[in-house]
Amino acid sequence: MAQTVADVLIGALEQIGVKQVFGLIGDSLNPVGDAIRRSGIEWVGVRHEEGAALAAAGQAKLTGRLGVCAGTTGPGSTHLVAGLYEASCDHAPVLALSGDMARKLQGIDHVQATDPDLLFRDVSLYTQTVSSPAQAPAVFHQAIAAAYAGRGVAHLTLPIDVIGAKADGDLGSIATLKPPPELAATEAQIDAIARRIEAAQKVLIMCGAGCIGAADELRALSDRIKAPLIHSLKGKDVMPYDDPRWMGGIGIVGTKPVYSAMMRCDLLLMLGTDYPFSEFLPKKADVIQLDVRPAVLGRRTPTALGVVGAVRPSLKLLLDRVAVKTDTGFLDQVTKERRKWDEMLDRQADPARSKDRIHPQAVARAVSDSASEDAVFVLDTGLNTLWSANWIRQHGSQRILGSFNNAAVGTALGQANGIQALDRSRQVIALCGDGGFNMLMCEFLTAVQHKLPVKVVVYNNSAFGLITLEAEHLGLPPFRKAIEFPNPDFVALARACGGHGFKASQPGELKAAISAAFAVDGPAIVDAVVVPNEFPNIPHFDLETIGNFARAKMKEAIIAVTGS
Ligand SMILES: Cc1ncc(C[n+]2csc(CCOP(=O)(O)OP(=O)(O)O)c2C)c(N)n1
């Protein structure tokens, strides 16, 4: 059979190491499906295209390598868009393919007419219609190169008459399609960082996702200059939880010791982080920021020195150039506070805390304690993010991912499916709120069909829990009718889908339900019925917020009595 334009695209993807394409077949995507059917790439058919985009994003976030998803004409591609924000917000390379109707039907309000290039414009850094077989190879190359170079989404619109046509040439430069190299900052800039560190008394090092892979260098720097290491949520898995230098997270998903260290330090070194919540950054200290992205330098807080460079190679240079410090006072103080905070976390997660109710902290801790050395935890969005992020104690080569920039509910399972498809023998655990799981629960069927043994742990509080807190934060009484909802029987649902289901509604059942789910060979759901009104640890409150919470509680009490 003669090679089609679709074959050229799929052949190139195979050559650069793409293992799966996630999508939902049909209509104008059929020639792409046919090319995949004849290739070495696995087609992972999803139940909702958002699940395909999430799966591709999950893969790209974990590995830094291209994830690929596909939707067909009109609504099939429209469904991709929401999931793609995971990749664009977290700077992960994804190629999204939209099938489109034949060119002769375009522009005349035909059935399913959309303008995919316009629709995908916001979420992608490159979007292009492939309008002829002759143009196709160069555009395919450009799209993949753009996704890698810009670390985001490239999108192609593929009219069926073009993608199914006979090919007119191959991609010439496959060898150039790969992630960008890690480049160090210049020596002069490294010297400038070293001099500022030497002049400071209390140096605090804040690590973001740009620090992944740099744990050894960070330890060495911390030891050399006696500086505590703290992290953004995206940086939590840079180091094992129990490393004595790893003090905890910043912000709402963080700790009080870290907040006070921020306010006490005189130099903050921000490494590979664009942490957006400026109110948690120091008010007085000098700030140095090191990142591969020049555009993020200095945009969250006034920055004395902004340096372009990748963290790991830059730290390697810095270690040779910065003088040893001996004063451990600041490090010791933060360490002491951190220990106390950890003891509090342990008490809050103790299943024996109540006799007949499961606290969500205990769920996160039990999942963490039962997980394999190389598990991947995929967190959903909501109150559940706080439980998972604060009570998972990562170790070994465990990884933690979530929707930490997009902050979208319903994103964990789709991403977990993509990650699981990379290695079906690795343990992948999606930790979801019930609202988040309900949103895209059809993707559990994708897991069952494609033998993706994802474990889904649902914090079942029969509510969009975080929204209660959000309302009270604004001084509003929670709109209960809008926030609370009934759930299906998740165990029955899991079994009806062909998976496994386990339930824990009493503290004594928790460990067994989680262990059973982790032991079964195949996808499983753990329905953990949790206390609905658990209040998280908030590291810092201003007076206005405290007032708002008090006002909200008063309004709630009045509504309870008067009914309005
Ligand atoms: C797609 C999407 N829709 C709505 C929101 C707003 N939102 C943020 S948290 C949340 C509640 C999530 O509820 P649930 O999944 O049950 O988790 P919980 O907060 O109870 O742990 C909502 C609706 C969002 N962030 N993303």
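Start with helix H4 in this predicted model: its buried residues are Gly76, Ser77, Leu80, Val81, Gly83, Leu84, Glu86, Ala87 and Ser88. Quite a few elements help cover them, including helices H3 (49–63), H5 (116–119) and H15 (412–422), along with strands E3 (67–71), E4 (94–100) and E6 (153–159). H4 itself spans residues 75–89 and carries a kink of about 40°, centred on Ala82. After the helix comes His91, with a positive phi near 60°.

Now for the charged pairs. The whole structure holds 31 salt bridges, and Asp274 is a good place to look. Its side chain meets that of Arg299 at 2.5 Å, N to O. That pair ties together distant parts of the chain, 25 residues apart: Asp274 sits in the loop between strands E10 (267–271) and E11 (286–291), and Arg299 in the loop between E11 and strand E12 (305–308). Asp274 also has a salt bridge to Arg300, with the closest N and O atoms 3.0 Å apart; here the partners are 26 residues apart.

How accessible are these residues? Asp274 counts as buried because its relative accessible area is 14%, under the 20% cut-off. Arg299, at 47%, is partly exposed, and so is Arg300, at 25%.

Elsewhere, Arg293 and Asp291 pair up at 2.9 Å between their closest N and O atoms, and both are buried. There's also a salt-bridge network linking Glu187, Asp191, Arg195, Glu198 and Arg321.

Finally, look at the surface: Phe535, Phe541, Leu543 and Ile546 make a nonpolar patch of about 400 Å². Phe535 lies in the loop between strand E18 (524–529) and helix H22 (543–562), and is partly exposed, with a relative accessible area of 41%.

Key:
Residues numbered from 1 in each chain as written. Predicted model: local features only at pLDDT ≥ 70, side-chain atom pairs only at ≥ 80, totals over all residues. Heavy atoms only, no water. Bend = angle between axes of the 7 residues up to and from the residue. Helix = DSSP H or I, 4+ residues; strand = E, 2+ residues; numbered from the N terminus. Buried < 20%, exposed > 50% of the residue type's maximum accessible area, 1.4 Å probe, protein only. Contact = heavy atoms within 4.5 Å. Patch = residues over 30% accessible without salt bridge, like charges linked within 9 Å, V, L, I, M, F, W, Y side chains within 5 Å. Areas by Shrake-Rupley, 256 points an atom, 1.4 Å probe, with all protein chains shown as cover. Salt bridge = Lys/Arg side-chain N within 4 Å of Asp/Glu carboxyl O.
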